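Here is a friendly walk through one model, written for someone who likes to check contacts and geometry by eye. Open the structure beside the text and follow along.

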Amino acid sequence: MSRVYADVIVDISQEKLDKTFQYEVPEALQKQAEIGKQVRISFGNGKRELTGYIVGLSGEAKIAPERIKPILKVEEKGMEIESRLISLAAWIAREYGSTMNQALKTVLPVKAKERTKEKRYLCLREKEETCAELLEEYKRKHYKAKERLLQALLENETLEYSDVTGRLKITASVIRSFREQGLVQVIRERDYRNPVAKRGEVQEVSPLKLTPLQEQVCEEIFQEWETPNPRPCLIKGVTGSGKTEVYMKLISHVLEQGQQVIVLIPEIALTYQNVSRFYRRFGNCVALINSRLSKGERFDQLEQAKKGEVSIVIGPRSALFTPFPNLGLILIDEEHEDSYKSEKTPCYHARETAICRGEMEGARVVLGSASPSVESYYKGKTGEYRLLYLEERYGASQLPEVSVVDLKEELKTGNRSVFSSLLTEKIRERLMKKEQVMLFLNRRGYTGFVSCRSCGHVMKCPHCDVSLTSHRNGKLICHYCGYETRDVKRCPICGSPYIGGFKAGTQQIEALVQKSFPGARVLRMDADTTKRKDDHERILAAFAKGEADILIGTQMIVKGHDFPNVTLVGVLAADLSLCSEDYRAAEKTFQLLLQAVGRAGRGNRPGEAVIQTYHPEHYSIQAAKSQNYEEFYEKEIQYRMLMEYPPAAAMAAIRGACENEELLKEAMSYCRKYLERIYPKEDLILIGPAPETVAKVQDSYKMVLYMRHKSRPALVRLKDALERYIAVNKGFQSIYIQFDFNV
DNA sequence: AGCACGCCGACT
DNA sequence: GTCGGCGTGCTC
């Protein structure tokens with residue numbers, strides 16, 4: 001029997017020790033030892049026995065084997081919450097190709113100081129005379145540290161622990177000896193801050209009345225939950241169909257069973273307005289987590305979750321790791337949003353990870369969206385998810401009327417401005433009627449591609465069917481295969497000189513609006529104007545109050561908020577995202593347009609939308625015009641199947657970064673050669689290596705190599721092999737490689 | 001976090 | 001020489 005070693009993290013409350021330590025698994029315990037399990041170990045010299053968690057298992061000793069101690073015992077008491085989260089981290093590391101440490105940091109972010117947020121104080125326990133005598137003695141004996149501490153304590157009967165170790169530079173050993181003498185006492189005080197803002201009015205709301213359709217959807221979901229292996233449920237419900245009511249009912253149901261609920265909402269939609277209904281309905285068992293919370297506040301929230309003081313946590317992607325003891329439901333709203341995918345390694349996707357956590361902890365998963373991601377809808381159609389439709393709107397709000405303007409035609413008629421004549425006319429109309437207008441500038445996927453303003457031709461790679469990216473050195477580069485060509489001065493199709501990168505920011509648009517519509521009050525919302533924390537909500541509130549006639553903005557204006565007085569939405573250059581090099585370009589474009597268009601006419605006034613584009617015939621634009629998700633999905637899934645993009649196949653990116661460009665190029669091509677050597681079959685498609693869209697960041701060059709294969713496990717195996725290859729090759733030492741299984 | 005180790009000033 | 005405070009570094 002070969003030896004087995006376990007990587008153990010020492011009891012997490014033992015702060016600073018965020019390293020792992022290797023222990024030997026005695027043969028008798030090998031059956032029990034699994035990732036996530038709690039173990040007893042001896043730690044440090046002498047007899048210090050501690051609790052730790054197994055975070056990894058391996059057959060190799062990383063240090064001299066004689067220094068490795070054995071595990072004393074594997075705890076069998078049902079998996080504690082930490083154990084489950086550690087197992088989840090192990091899954092994340094495996095599935096998304098990160099190290100266990102990276103995964104642990106994602107899953108257990110409550111580390112270091114935030115852990116023991118209880119403040120500690122030193123409190124003097126002796127009479128003043130005794131202390132004065134001692135002080136003299138210390139002075140005489142030149143006990144500097146003791147003198148310093150006692151002096152301070154005489155001046156100030158209680159001191160903050162951190163102040164003592166920090167400002168006074170007193171070490172723990174001095175404090176210990178004081179404590180043993182009975183001179184001081186360490187007082188621990190728990191100070192919970194509660195940012196769940198006692199914002200007042202938590203009135204009990206009478207049980208909801210659901211429409212028959214909502215009722216039916218709930219019933220079907222409960223039915224699914226009764227089955228032995230409930231599938232994730234996907235609710236496709238248009239805005240205004242009352243998805244939230246269904247959510248509420250599901251949540252109540254789970255709470256009644258004594259279980260807890262995690263609700264994920266895209267960060268951008270995490271506004272008080274959006275979550276207030278949860279507070280109103282469920283009162284103070286709701287905790288809100290967002291990126292504005294300080295680490296300490298965040299920790300307190302999670303601690304409350306662990307202790308059962310709250311049962312509903314609402315938050316962005318990271319809230320998925322809330323340590324609930326008996327999780328019953330994970331609800332993901334707006335499941336198609338790409339903020340659910342992490343950009344940092346491990347590049348996990350909250351949807352997949354939620355489903356995994358759900359399986360591990362017996363919690364159910366419900367996804368909701370008006371326009372589901374292609375992957376999810378595909379899984380719904382194929383039965384991997386249970387698909388439910390909630391398609392009727394209540395209230396008589398009608399779909400807005402959408403017109404598509406072909407910008408090529410506009411140019412032919414001599415209109416070179418950013419606003420088509422149709423849009424100009426409609427804006428004028430609204431301004432006269434004192435109604436509001438939103439102008440949406442699609443900047444997503446904007447990476448400096450080059451297009452012709454006469455015919456709309458986009459410079460594309462001859463090998464890859466993706467648009468070429470303009471670089472400062474006067475070259476056009478394909479980021480899939482690395483193909484390079486000289487920048488063009490004239491359109492190769494129609495010869496027009498009006499060819500170039502599309503350069504229009506919200507600022508320019510604002511200036512143009514002011515010029516074309518003098519007197520109109522304009523608000524602008526983009527990265528510039530929303531730098532401070534509350535800018536976002538402030539601008540939206542100002543617009544809602546009618547302090548402006550026109551709101552100009554990027555993606556962020558199309559999410560969430562309802563403005564009843566907005567009756568016109570203008571989409572300037574809808575195709576910016578269409579031309580990005582991403583295979584999801586069409587999907588992202590459609591999603592954005594659908595949302596943008598949906599902003600028009602939320603009140604009882606009919607809304608209108610104008611989409612300006614160079615590709616009026618493209619299916620994503622056409623489907624957005626008719627606001628028909630099915631139409632879009634059918635076209636898109638055909639394209640994905642044909643091209644073998646997800647969900648037809650799995651894709652992974654191998655991203656490399658290095659300060660030395662040549663070295664990086666060489667290393668990345670070695671990766672490719674290695675993969676070709678160990679897997680010489682046709683069904684593995686390798687793309688690249690090529691420079692990343694942003695090819696250099698802080699003096700570090702970036703390159704990416706894509707792998708595509710029918711089966712995801714095959715890609716995972718290739719990744720594992722490549723990882724081992726990289727580990728043993730000296731040439732890779734200065735190169736930072738990360739994997740992304742969620743391109 | 002807790003503990004050993006070793007440096008260095010003070011006292012016998 | 002020896003004692004003991006106090007900083008440093010290690011714990012598989």
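The surface near DNA strand C is made up of nine nonpolar, three polar and five charged residues. Please keep in mind that this is a predicted model.

**Around DNA strand C**

Which residues come nearest to DNA strand C? Of the 17 residues around the strand, they are Gln22, Phe43, Arg67, Lys69 and Ala145. Two elements, strand 2 (20-25) and helix 5 (144-155), each supply at least two residues of this surface. Looking from the side of the nucleic acid, 65% of the atoms of DNA strand C within 4 Å of the protein belong to sugar or phosphate, and the rest belong to bases.

Three polar contacts are handy for orienting yourself at this surface, and the table gives their distances.

| Residue | Protein atom | Atom of DNA strand C | Distance |
|---|---|---|---|
| Arg67 | polar side-chain atom | phosphate oxygen | 2.5 Å |
| Gly44 | backbone N or O atom | sugar or linking oxygen | 3.2 Å |
| Tyr23 | polar side-chain atom | phosphate oxygen | 3.4 Å |

Arg67 thus appears twice in this account: it is one of the residues that come nearest to DNA strand C, and a polar side-chain atom of Arg67 lies 2.5 Å from a phosphate oxygen.

**The seven-stranded sheet**

Next, move along to residues 224-390, which an unreviewed UniProt entry annotates as "domain: Helicase ATP-binding". Over this range the chain is 36% helix and 21% strand, and the end C-alpha atoms are 16 Å apart.

An open sheet of seven strands, paired in parallel, has the order 11-12-10-13-14-9-15. Why is one side of strand 11 (286-288) and of strand 15 (386-390) left without a neighbour in the sheet? Both stand at the edges with a single partner strand each, so one side of each has no neighbour there. On average, neighbouring strands of this sheet are turned by 15° against each other, direction ignored.

For a closer look at one pairing, take strand 9 (residues 233-237) and strand 15, which pair in the parallel sense over five bridges. Within this pair, Cys233 has Arg386 of strand 15 as its bridge partner.

Two helices lie across these strands. Helix 8 (residues 212-226) lies across strand 9, strand 13 (327-333), strand 14 (364-369) and strand 15, and runs at about 170° to strand 15. Helix 9 (residues 243-256) lies across several strands, including strand 10 (260-264), strand 12 (312-315) and strand 13, and makes an angle of about 170° with strand 13.

**The six-stranded sheet**

A second place to visit is an open sheet of six strands with parallel pairing, in the order 16-26-25-17-24-23. Its edge strands, strand 16 (401-406) and strand 23 (522-525), each pair on one side only. From one strand to the next, the twist averages 15°. Helix 19 packs on this sheet, where it touches strand 16 and strand 26 (608-613), and its direction makes about 150° with that of strand 16.

Inside the sheet, strand 17 (residues 436-441) and strand 24 (residues 550-553) run parallel and are joined by four bridges. Leu439 is bridged to Ile552 of strand 24.

**A group of four cysteines**

Where does UniProt place the feature "binding site"? The unreviewed entry puts it at Cys452, Cys455, Cys491 and Cys494. These residues are spread over 43 residues of sequence, yet they cluster in space, with a largest C-alpha distance of 8.7 Å. One of them, Cys455, lies in the loop between strand 18 (450-452) and strand 19 (469-470).

**Backbone geometry to check**

Most residues other than glycine have a negative phi, and most peptide bonds are trans. A few places in this model are therefore worth a look against that background. The peptide bond from Thr345 to Pro346 is cis, with omega near -5°, and Pro346 is found in the loop between strand 13 and helix 12 (350-361). Another cis bond runs from Pro646 to Pro647, with omega near 5°; Pro647 belongs to the loop between helix 20 (629-643) and strand 27 (650-658). Finally, Gln627 has a positive phi of about 50° although it is not a glycine, and Gln627 sits in the loop between helix 19 (619-626) and helix 20.

Conventions:
Residues are numbered from 1 along each chain as its sequence is written. Chains are lettered from A and ligands numbered from 1 in the order in which they are written. This is a predicted model: local features need pLDDT of at least 70, side-chain atom pairs count only at pLDDT 80 or more; totals for chains, interfaces and linings use all residues. Side-chain values use heavy atoms; hydrogens and water are left out. A residue is near a molecule or strand if one of its heavy atoms lies within 4 Å of it. A polar contact is a pair of N or O atoms within 3.5 Å; within protein, one must be able to donate a hydrogen and the other to accept it, and residues adjacent in sequence count only if both atoms are side-chain atoms. Ala, Val, Leu, Ile, Met, Phe, Trp, Tyr, Cys and Pro count as nonpolar, Asp, Glu, Lys and Arg as charged, and the others, Gly among them, as polar. UniProt positions are given in the numbering used here, feature names are shortened, and annotations may be inferred rather than shown by experiment. Two strands pair if DSSP finds at least two bridges between them. Axes are lines fitted to C-alpha atoms, for helices over the stretch in contact, and angles run from 0 to 180 degrees between N-to-C directions. Contact means heavy atoms within 4.5 Å.
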